[in-house]
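Work through these short exercises with the model in view. Try each task before reading its solution.

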Amino acid sequence: MADLLIRGIPDHIHLLLKTRADHNGRSMNMEALALLEEAFSGWRDLPDEPPTPFKGTFPIDNEWLRRAIEEGRS
């Protein structure tokens, strides 16, 4: 399991987190994790595999790049 250190939390956010953690009977760490889980619960899962690379209709080689640069398409 990874660790996360958050620096520079504004005092009012720290107080809100502490108050919410006390209200829910959790540590501040567990409350922060609960909030993160809640925030990401509606997001779709990441795909198992990355998408297949795009294959253009023509090869991009050194000659194509040279001409593109000369034409100002750099």
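**Exercise 1. A residue at the start of the chain**

Task: Decide whether Leu-4 counts as buried or exposed.

Solution. This is a predicted model. Take the relative accessibility of Leu-4, which is 68%. The cut-off for exposed is over 50%. Leu-4 therefore counts as exposed. Now place the residue: Leu-4 sits in the segment before H1.

**Exercise 2. The nonpolar patch**

Task: Find which residues join Leu-4 in a nonpolar surface patch, and which element gives the most to the patch.

Solution. Start from Leu-4 and list its partners. They are Ile-6, Ile-9, Ile-13, Leu-16, Met-30, Leu-33, Leu-36, Phe-40 and Trp-43. Together with Leu-4 they make a patch of about 1000 Å². Next, sort by element. H1 and H2 are the elements that give two or more residues to the patch. H2 gives the most, with 4 residues.

**Exercise 3. The chain as a whole**

Task: Describe the secondary structure, the extent and the burial of the chain.

Solution. Count the elements: there are 3 helices and 0 strands. Read from the N terminus, their order is α-α-α. Then take the extent. The C-alpha trace spans about 65 × 30 × 20 Å along its principal axes. Compare the radius of gyration with that of a compact globule. For 74 residues the globule would have a value near 11 Å, but this chain has 25 Å. Turn to burial: 5% of the 74 residues are buried. Last, the surface. The accessible area comes to about 7500 Å², and carbon and sulfur atoms hold 59% of that.

**Exercise 4. Charges and a pair between helices**

Task: Count the charged side chains and the salt bridges, then work out which helices the pair Arg-20 and Glu-38 links.

Solution. The chain carries 9 positive and 13 negative side chains. The centres of the two sets lie 4 Å apart. Opposite charges can pair when their charged atoms come close. The cut-off for a salt bridge is 4 Å between the nitrogen and the oxygen. By this rule there are 6 salt bridges. Test one pair: the closest N and O atoms of Arg-20 and Glu-38 are 3.6 Å apart, and the two form a salt bridge. Arg-20 lies in helix H1 (residues 11–24) and Glu-38 in helix H2 (residues 28–40). The pair is 18 residues apart and links distant parts of the chain. Check exposure too. Arg-20 is partly exposed at 36%, whereas Glu-38 is exposed at 51%.

**Exercise 5. Two bridges on one arginine**

Task: Work out how the salt bridges of Arg-66 with Glu-63 and Glu-70 are placed in the helix.

Solution. Begin with Glu-63. Its closest approach to Arg-66, N to O, is 2.4 Å. Both residues lie in helix H3 (residues 62–70), 3 residues apart, about one turn of the helix. Go on to Glu-70. Here the closest N and O atoms are 2.5 Å apart. Glu-70 and Arg-66 are both in H3, 4 residues apart, again about one turn. Add the accessible areas. Arg-66 is partly exposed at 39%, and Glu-63 is partly exposed at 36%. Glu-70 is exposed at 58%. Finally, look for a network: shared salt-bridge partners join Arg-20, Arg-26, Glu-31 and Glu-38 into one.

Note on methods. Residues are numbered from 1 along each chain as its sequence is written. This is a predicted model: local features need pLDDT of at least 70, side-chain atom pairs count only at pLDDT 80 or more; totals for chains, interfaces and linings use all residues. Side-chain values use heavy atoms; hydrogens and water are left out. Buried means under 20% relative accessible area, exposed over 50%, partly exposed in between (1.4 Å probe, protein chains only). The radius of gyration is taken over C-alpha atoms; the globule rule is 2.2 Å times the number of residues to the power 0.38. Accessible areas come from the Shrake-Rupley method with a 1.4 Å probe; for residues, only the protein chains shown count as cover. Lys and Arg count as positive and Asp and Glu as negative; His and the chain ends are not counted. The place of a charge is taken as NZ of Lys, CZ of Arg, CG of Asp or CD of Glu. Patches are made of residues with over 30% relative accessible area and no salt bridge: like charges are joined within 9 Å, nonpolar side chains (Val, Leu, Ile, Met, Phe, Trp, Tyr) within 5 Å.
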